[in-house]
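Colleague: Before I use this model at the bench, I should like to go through the reasoning behind its labels. Could we take them one at a time?

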Amino acid sequence: MLAYFPNFAPQTLSSNPFANLWEPVFSVYQRAFEHTNQELWTSSMRIIQEHAARAWIEASQSCMAALSENAAAIQQRAFARLIDAQQEATAIAAREVTEAVVGR
C-alpha cells in the first residue's frame, strides 16, 4: 500500500522559493490601505474643520445681525418714549405756567 502514496520530504521556508513572495505582496496592499486610510482621515478632518469654521462664522454673523436689529428696535421704542415724555412734560409745564398766570 505504501507504493501508491508518494513520499517526499517537507520543504523548509528557506528552501521554498514562494515563501518569501507573500511578504512583499502583502506589503504592497498594506501601503495602499495605509495611504487610503490616512487620506480618508486627513480629508475628513479638513471637511470637519471647514464646516465648523463656517458654522462659527455664520453663527457669529447671525448673532450680530440679531443684536443689531434688537438694538435698533429698542432705540426706536426709547425715542418714542422720549417723545411721549417730552410731550407730557410740555403739557405739565404749560399747565403750571397757565395756572401761575391766571392765578389760582
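**Reasoning behind the labels**

Modeller: Of the 104 residues of the protein chain, 0% count as buried. Please bear in mind that this is a predicted model.

Colleague: What makes a residue count as buried?

Modeller: The label requires under 20% relative accessible area. The accessible surface of the protein chain comes to about 10000 Å², and 65% of that belongs to carbon and sulfur atoms.

Colleague: How many helices and strands are there in the protein chain?

Modeller: There are one helix and zero strands. The helix, α1, covers residues 22-102.

Colleague: What span is expected of α1, and what does it reach?

Modeller: At 1.5 Å a residue, 120 Å is expected for its 81 residues. From first C-alpha to last, α1 reaches 118 Å, which is close to that expectation. After α1 comes Gly103, with a positive phi near 85 degrees.

Colleague: Why is the contact between Arg46 and Glu50 called a salt bridge?

Modeller: The rule asks for a side-chain nitrogen of Lys or Arg within 4 Å of a carboxyl oxygen of Asp or Glu. For Arg46 and Glu50 the N to O distance is 3.6 Å, so the pair satisfies the rule. The count by this rule comes to one salt bridge.

Colleague: How are Arg46 and Glu50 placed in helix α1?

Modeller: They are four residues apart, and therefore separated by about one helical turn. In general, an α-helix has 3.6 residues a turn, so residues three or four places apart point the same way.

Colleague: Why are Arg46 and Glu50 called partly exposed?

Modeller: Partly exposed lies between the 20% and 50% limits. Arg46 has 43% relative accessibility and Glu50 has 38%, so both receive that label.

Colleague: Which residues make the nonpolar surface patch?

Modeller: Leu21, Trp22 and Phe26 make a patch of about 340 Å².

Colleague: How do you know that Trp22 qualifies for a patch?

Modeller: A patch residue needs over 30% relative accessible area and no salt bridge. Trp22 has 48% relative accessibility, and therefore counts as partly exposed. The one salt bridge joins Arg46 and Glu50, so Trp22 meets both conditions.

Definitions and conventions. Residues are numbered from 1 along each chain as its sequence is written. This is a predicted model: local features need pLDDT of at least 70, side-chain atom pairs count only at pLDDT 80 or more; totals for chains, interfaces and linings use all residues. Side-chain values use heavy atoms; hydrogens and water are left out. Patches are made of residues with over 30% relative accessible area and no salt bridge: like charges are joined within 9 Å, nonpolar side chains (Val, Leu, Ile, Met, Phe, Trp, Tyr) within 5 Å. Accessible areas come from the Shrake-Rupley method with a 1.4 Å probe; for residues, only the protein chains shown count as cover. Helices (H or I, at least four residues) and strands (E, at least two) are DSSP runs, numbered from the N terminus. Buried means under 20% relative accessible area, exposed over 50%, partly exposed in between (1.4 Å probe, protein chains only). The expected span of a helix is 1.5 Å times one less than its number of residues.
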